[in-house]
Amino acid sequence: MRSHIFYVLISFFSCTLISTGELFAQQRDTTCCIHNTTQTHEQCQSIMKIKKDYIQKNLVLTETESIKFWPIYDEYLRQEASIYDAHRYALDNNKIKSQGGRLNLSEVSDEEILFYLDQYYKTREATTSLEKKLYLDLKNVLKPETLYNFLQIERSFKSRVREKSKGACPRSR
């Protein structure tokens, strides 16, 4: 039963990831924007909890490491959500619609394409910078082997989400 719930939640999360190109997009108040619908803060927290549970289950930390690790990681998740929220807001504010991170080129102008690409690279730069900050912060907290394992677990989670989501979300045209 627990495995079934996990896969249902992963499927939901996968649809969200594919539909919006966002990971844990969360507005600044009590809602998050997922595929142009408003989800409750609790639903967003549930998705974040799945990721945290996955990491917690697979990453072996000492008590001392755990006490230092989780506040840093929680802040990382908060900042990551903020970056994706800003990206989505910029696109929505300019009425640029994308499906699964792709534009329908027959429906957008050259200026909109360039705006989209500017936002895409701005978001990538921000997330890369944030990941580097996370690495540098965790470098002072975790042993090198544990840090490496953490990064592999993060990749594994994202890869599993992508695999589980193949065909899980209907594409609208």
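## Confidence, core and salt bridges in a predicted model

In this predicted model, confidence in the protein chain is highest in helix H4, at a mean pLDDT of 93, and lowest in strand S1 (residues 31-34), where the mean is 37. Residues 1-41 have a pLDDT below 50, and in the model this stretch has 91 contacts beyond near neighbours in sequence. At the other end of the numbering, pLDDT stays under 50 over residues 169-173, with 6 contacts beyond four places in sequence. Taken over the protein chain, the average pLDDT is 75, and 65% of the residues score at least 70. A reader following along in the structure may wish to keep these values in view.

The fold itself is simple to trace. The secondary structure of the protein chain consists of 5 helices and 2 strands, and these follow one another along the sequence in the pattern α-β-β-α-α-α-α. Of the 173 residues in the protein chain, 36% are buried. Among contacts with a separation of 6 or more, 64% link residues that lie 24 or more positions apart. The accessible surface comes to about 11100 Å², and carbon and sulfur atoms account for 53% of that area.

Attention turns next to the interior. The largest nonpolar core holds 20 residues, and Ile55, Phe69, Tyr73, Leu138 and Phe150 have the most contacts inside it. Two or more residues each are given to this core by helix H2 (41-58), helix H3 (63-93), helix H4 (110-139) and helix H5 (144-165). The largest share, 6 residues, comes from H3. Ile55 offers a good place to begin looking: leaving out residues up to four places away in sequence, Ile55 touches Phe69, Trp70, Tyr73, Phe150, Ile153 and Glu154. Apart from the largest core lies another, of 5 residues, with Leu91, Ile96, Val108 and Tyr116 among them.

Two further buried positions show how the helices meet other parts of the chain. Ala90 is found in helix H3 and, because its relative accessible area is 15%, counts as buried. Beyond four places in sequence, Ala90 touches Phe115 and Gln119. Ala90 and Tyr116 are 26 residues apart in sequence, while their C-alpha atoms are 9.0 Å apart in space. Thr146, in turn, has its place in helix H5. With a relative accessible area of 8%, Thr146 is buried, since the cut-off for that class is under 20%. Setting aside neighbours within four places in sequence, Thr146 is in contact with Leu59, Val60, Leu61 and Glu65.

On the outside of the model, Leu114, Leu117, Tyr120 and Tyr121 make a nonpolar surface patch of about 390 Å². One of these residues, Leu117, is found in helix H4. Its relative accessibility is 35%, so Leu117 counts as partly exposed.

Charged side chains complete the picture. Side chains of opposite charge can pair when their charged atoms come close. The count for this model comes to 5 salt bridges, among them three that are described here. In one of them, the side chains of Arg78 and Glu75 meet with an N to O distance of 2.5 Å. Arg78 and Glu75 are separated by about one helical turn, because they are 3 residues apart in helix H3. Arg78 is partly exposed, with a relative accessible area of 48%, and Glu75 is also partly exposed, with 30%.

Helix H3 also holds the pair of Asp92 and Arg88, which form a salt bridge with their closest N and O atoms 3.3 Å apart. Asp92 and Arg88 are 4 residues apart, and therefore separated by about one helical turn. At a relative accessible area of 30%, Asp92 is partly exposed, whereas Arg88 counts as buried at 5% relative accessibility.

In helix H4, Asp137 and Lys133 are 4 residues apart, so about one helical turn separates them. Their side chains meet in a salt bridge at 2.8 Å, N to O. Asp137 counts as partly exposed at 26% relative accessibility, and Lys133 does so at 41%.

Methods. Residues are numbered from 1 along each chain as its sequence is written. This is a predicted model: local features need pLDDT of at least 70, side-chain atom pairs count only at pLDDT 80 or more; totals for chains, interfaces and linings use all residues. Side-chain values use heavy atoms; hydrogens and water are left out. A nonpolar core is a set of buried Ala, Val, Leu, Ile, Met, Phe, Trp, Tyr and Cys residues joined through side-chain atoms within 4.5 Å. Buried means under 20% relative accessible area, exposed over 50%, partly exposed in between (1.4 Å probe, protein chains only). Contact means heavy atoms within 4.5 Å. Patches are made of residues with over 30% relative accessible area and no salt bridge: like charges are joined within 9 Å, nonpolar side chains (Val, Leu, Ile, Met, Phe, Trp, Tyr) within 5 Å. Accessible areas come from the Shrake-Rupley method with a 1.4 Å probe; for residues, only the protein chains shown count as cover. A salt bridge is a side-chain nitrogen of Lys or Arg within 4 Å of a carboxyl oxygen of Asp or Glu. pLDDT is the predictor's confidence in each residue, from 0 to 100.
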